[in-house]
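Load the model and set the view to cartoon. This tour moves from the whole chain to a few selections.

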Amino acid sequence: MSTEKIHTPPSGKTIQQYIDETPAWPDGTSLKGTPMTAMQWRIWSLAVAGKFFEGLVIFMTGIALPLIVRDFTLQAAQKGVVTAVALFGILIGATMLGGLSDIFGRKRMFIAEMVIFVVFLIGLTLSPSYLWMVICLFGIGLALGCDYPTAHLVISEAVPSKGRGGLVLGAFAFQAVGAIVGAGLGIIILDVYPEVDAWRWMYAAAIIPAILVIVGRFFITDSPHWLASKGRMEEAEKETRRLLKRVPQYPKEVVLNREHAHQHQKVSPAVLFNDKNRRATFLAAIPWFIQDLGTYGIGIFTPVILATTLGASKDVHSVADLAQNVMLSAKGTALLDVLLILGVLAAIFFVEGTGRIKLQIIGFIGCAVGLGLAAISLNLPDGDKTILLFAGFMLFNFMTNLGPNAQTYLLAGEVFPTSIRGYGAGFAASFAKIGAVMTAFLFPILLHTIGTQILLIILVGTSILGAILTWVFRVETRGSLEKIEEARVQPQV
């Protein structure tokens with residue numbers, strides 16, 4: 001191969017064109033699509049870890065909560081803080097740290113977030129007091145908040161356009177896997193060690209896997225799209241070559257079009273609400289906020305609702321009684337969480353054909369129906385109540401991951417231009433987590449004051465509102481990231 005410096009013509013290819021290009025193998029074999037390289041799969045698998053840990057830690061809190069309450073003798077308000085503080089950390093971290101990926105690069109923040117996660121996770125398992133536990137949960141939330149935009153971007157900016165939706169949602173599915181593993185860990189640990197401080201072992205189980213993920217993230221490419229948005233075209237070409245390394249090698253050479261190298265926008269709140277980006281911001285943030293009202297309220301407090309509805313003992317006289325109640329709710333939660341995985345698998349199957357917007361609307365409507373069934377079940381005799389309650393929650397879990405829980409995450413990382421994609425997706429995640437924090441903090445209080453049924457009916461209304469607002473602000477984001485910006489100002493379905 002010649003080492004002579006090649007002049008780059010204005011008509012040179014873009015990064016996404018290289019990523020999307022179907023290799024032409026020497027023997028003339030025709031390929032139907034663009035095969036993923038080893039580096040692309042490595043990036044995807046390491047991004048999976050962030051969503052897994054989120055599901056593990058956040059939703060396991062609902063299982064560990066009764067043990068934590070007893071361990072630290074918490075009052076109702078303190079109980080609400082425990083469930084809300086990690087989500088509040090996500091709210092802050094998504095913008096404060098996630099937005100830094102637009103400044104320092106995707107890879108650096110991808111590593112930093114996991115280091116922060118491990119440090120505070122270790123602190124959580126050793127918490128000597130309620131205050132220390134709250135600080136550590138907040139720190140864990142900061143790390144997971146950074147992961148919201150960063151994990152999405154390292155995938156979406158590294159993979160072929162045609163399979164991007166399925167790959168991002170495939171990673172997102174591991175949030176549900178993490179939730180199930182969290183419930184399973186809770187069951188196993190309580191069975192082996194039925195003590196009040198068993199909650200510490202539940203969280204400690206994630207420490208070693210997280211350290212291994214940190215190591216792996218040092219050995220990936222940085223985003224060529226981000227490098228190009230900063231005008232660092234030679235580095236972008238180098239990272240594109242590393243990203244697309246194959247045997248036999250294709251493409252043989254990477255020469256990027258310099259035409260759009262410096263077309264980046266200043267990162268600030270104002271840029272998200274200018275004429276060019278306002279619609280994208282509303283679409284990414286508002287339905288996600290509405291979605292999180294239901295997802296985190298139902299997700300975190302499913303164990304509490306099930307334990308209350310399915311006849312857990314109200315007279316807890318010993319640690320054994322408490323462990324038995326937690327085991328009962330954990331088993332029911334694990335069963336329901338399977339529907340989260342089935343829902344996101346359906347989303348992966350339909351996302352490219354049906355589109356993000358339609359799936360989000362269908363999902364919101366399905367969530368409303370599921371929550372409505374759960375609300376109606378509370379008026380029925382015990383046997384029928386159990387069947388309809390489970391049916392309602394199962395439908396909710398399936399439809400939320402088919403639609404809004406998956407699609408809001410996907411849309412937020414696609415609808416903004418590269419130079420502000422991390423900041424825009426981070427802002428949307430932060431705004432959404434306002435709803436999650438409100439729900440997590442207020443749910444214990446509202447369950448006590450207005451009851452489960454009225455609360456479920458309220459969430460039926462918010463789900464319907466989410467479907468309406470998705471339609472109002474709709475922008476379909478299938479296709480090349482480099483072409484999406486051209487269509488952002490016009491509604492498409």
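A helix here is a DSSP run of H or I that spans at least four residues, and helices are numbered from the N terminus. By that count, I445 sits in helix α18, which covers residues 421–449. Keep that helix in mind for the last stop. Note that the model is predicted.

**Whole protein.** Show everything. There are 20 helices and zero strands. Of the 493 residues, 59% are buried. Now think about contacts with a separation of 6 or more: residues 24 or more positions apart make up 83% of them. Turn on the surface. Its accessible area is about 19500 Å², and carbon and sulfur atoms hold 67% of that.

**Select R356.** You are in helix α15, residues 356–377. Is R356 buried or exposed? It is buried, because its relative accessibility is 0% and the cut-off for buried is under 20%.

**Expand around R356.** Leave out residues up to four places away in sequence. R356 then touches R164, G165 and V351. It also touches Q407, L410, L411 and E414. E476, T477 and R478 complete the list. Next, draw a distance from R356 to G403. Their C-alpha atoms are 8.1 Å apart, with the two positions 47 residues apart along the chain counted as their separation.

**Select I434, M438, F441, L442 and I445.** These residues form a nonpolar patch on the surface. Together they offer about 370 Å² of accessible area.

**Finish on I445.** Return to helix α18. I445 has a relative accessible area of 34%, so it counts as partly exposed.

Conventions
Residues numbered from 1 in each chain as written. Predicted model: local features only at pLDDT ≥ 70, side-chain atom pairs only at ≥ 80, totals over all residues. Heavy atoms only, no water. Helix = DSSP H or I, 4+ residues; strand = E, 2+ residues; numbered from the N terminus. Buried < 20%, exposed > 50% of the residue type's maximum accessible area, 1.4 Å probe, protein only. Contact = heavy atoms within 4.5 Å. Areas by Shrake-Rupley, 256 points an atom, 1.4 Å probe, with all protein chains shown as cover. Patch = residues over 30% accessible without salt bridge, like charges linked within 9 Å, V, L, I, M, F, W, Y side chains within 5 Å. Salt bridge = Lys/Arg side-chain N within 4 Å of Asp/Glu carboxyl O.
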